[in-house]
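User: Please take a close look at a single part of this model and describe how it is put together. I would like a connected account, with each term explained where it is used.

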Amino acid sequence: MRRIIQRWITSAVLSVSIVAAAVSASYGQEKTVRIGFQKYGKLVLLKSKGTLEEKLKAIGYKVAWTEFPSGPPLLEALNVGAIDFGNTGEAPPIFAQAAGAPIQYVAYEPPAPKGEAILVPKDSLLKSVADLKGKKVALNKGSNVHYLLVKALEKAGVKYSEIEPAFLAPADARAAFERGAVDAWVIWDPFQAAAEAATGARTLADGTGIVSNYQFYFSSKKFLESDAKIVDLVLAQLSEVDDWAKGDIHAVAEQLAPSIGLSVPVVEVALKRQSYGIKPLTDSVIADQQQVADTFFALGLLPKAIKISDVARRSGS
């Protein structure tokens with residue numbers, strides 16, 4: 001098998017072993033939908049329920065699941081043909097599209113602005129976002145929180161160039177945050193809730209009044225064109241899981257906590273800041289996502305301007 005790794009964002013940390021495993025696991029198999037998921041979210045719940053497997057088996061399909069540490073490597077796996085379907089936050093698909101990845105937006109979850117935040121240690125002298133000027137801030141480059149940081153600084157009158165970004169994955173950022181190697185950490189749930197509980201971290205700002213913090217679901221263009229009915233089936237099963245989740249957050253927390261490695265109370269906090277109701281793309285959501293893309297392009301973080309509507313599947317299409 002030829003191994004083709006084409007980076008769509010130079011700063012994304014690609015887990016080659018994960019992509020290779022996904023490719024080899026699915027190579028040669030017919031009628032298999034390959035789903036990429038992260039440790040936290042509706043896809044994890046769908047996987048644990050086992051209902052998708054039953055539905056797919058009835059129409060001659062199988063499902064292969066592959067876990068990713070964050071959105072950028074998940075979308076790179078979709079780019080190289082290792083997976084067919086997955087979900088991430090707002091920023092990763094923008095970088096993927098700019099690099100030519102064959103992604104198609106197929107659904108979204110409503111805004112969850114409290115599900116990401118700029119944290120500082122409990123004894124930090126920093127009291128506002130404006131105080132971040134000249135400070136070192138940890139974040140996962142190309143992720144949702146990258147956009148939160150940019151817009152929060154803008155609102156506070158601080159230029160992005162006036163802070164020192166430290167691009168770190170969540171685990172490394174948590175370690176740097178705890179040992180005082182960075183002044184602040186921009187992070188999403190459940191890492192956010194975990195840090196708050198374990199360290200007493202304070203919130204300088206969350207996304208409220210600043211960013212939407214959408215979650216999006218994607219298919220590869222090829223898979224959507226050839227297996228649209230499977231994409232619709234997966235979304236229908238996700239909607240059922242979503243309905244259950246929003247109606248019994250404690251039960252969901254009990255189910256997720258062991259796999260995430262966090263306590264049930266911490267997971268409950270994160271789930272209460274999450275949004276519910278998986279929906280088809282709308283013009284308004286596409287416009288919001290376009291604003292994210294335009295912001296990154298204006299900062300010189302994208303190699304070219306992109307048009308979100310070019311890769312968005314609307315309701316009924």
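The account that follows concerns helix H12 and the elements that lead away from its partners. Which residues of H12 are buried, and which helices are included in what covers them?

Analyst: The structure is a predicted model, in which local features need pLDDT of at least 70 and side-chain atom pairs count only at pLDDT 80 or more, whereas totals for chains, interfaces and linings use all residues. Residues are numbered from 1 along each chain as its sequence is written, and side-chain values use heavy atoms, with hydrogens and water left out.

The chain has 13 helices and ten strands (DSSP runs numbered from the N terminus, helices being H or I of at least four residues and strands E of at least two). Helix H12 spans residues 264-272, and its buried residues are Val266, Val267, Glu268, Ala270 and Leu271 (buried means under 20% relative accessible area, exposed over 50% and partly exposed in between, with a 1.4 Å probe and protein chains only). An α-helix has 3.6 residues a turn, so residues three or four places apart point the same way. The cover over the buried residues of H12 includes helix H8 (191-199) and helix H11 (249-260).

Two packed helices are described by the angle between their axes and the distance between the axes. For H11 and H12, the angle is about 120° and the axes are 8 Å apart (axes are lines fitted to C-alpha atoms, for helices over the stretch in contact, and angles run from 0 to 180 degrees between N-to-C directions). H11 is therefore oblique to H12 (under 35 degrees counts as roughly parallel, over 145 as roughly antiparallel, 65 to 115 as roughly perpendicular and the rest as oblique). This crossing of H11 and H12 is right-handed (the near helix is turned clockwise from the far one by less than a right angle; anticlockwise would be left-handed). On the H11 side the contact is made by Ile249, His250, Val252, Ala253, Glu254, Leu256, Ala257 and Ile260 (contact means heavy atoms within 4.5 Å). H12 contributes Val264, Val267, Glu268, Leu271 and Lys272 to that contact. Val267, Glu268 and Leu271 are thus in contact with H11 and are buried.

With H8, the axis of H12 comes within 8 Å and the two cross at roughly 135°. That angle makes H8 oblique to H12, and the crossing is right-handed. Here Ala193, Ala194 and Ala197 of H8 meet Val266, Val269 and Ala270 of H12. Of these H12 residues, Val266 and Ala270 are listed as buried.

H8 also leads to the sheet. The loop between strand E8 and H8 holds Pro190, and the peptide bond from Asp189 to Pro190 is cis, with omega near 5°. E8 (184-188) is one of the strands that helix H7 (residues 170-178) lies across, together with strand E5 (116-120) and E6, and H7 runs at about 145° to E8.

These strands belong to an open sheet of five with mixed pairing, in the order E7-E6-E8-E5-E9 (two strands pair if DSSP finds at least two bridges between them). Its edges are strand E7 (164-167) and strand E9 (202-206), each pairing on one side only, and the twist averages 30° from one strand to the next. At one end of the order, strand E6 (residues 136-139) and E7 are joined in the parallel sense over four bridges. Within this pairing, Val137 has Pro165 in E7 as its bridge partner.

At the other end, E9 is followed by a loop to strand E10 (215-220), and Asn213 has its place in that loop. Phi of Asn213 is near 60°, a positive value in a residue other than glycine. Asn213 counts as buried because its relative accessibility is 9%.

For the setting of this part, buried residues make up 55% of the 317 residues in the chain. Among contacts with a separation of 6 or more, 79% join residues 24 or more positions apart. The accessible surface of the chain is about 13600 Å², with 51% of it belonging to carbon and sulfur atoms (areas come from the Shrake-Rupley method with a 1.4 Å probe, and for residues only the protein chains shown count as cover).
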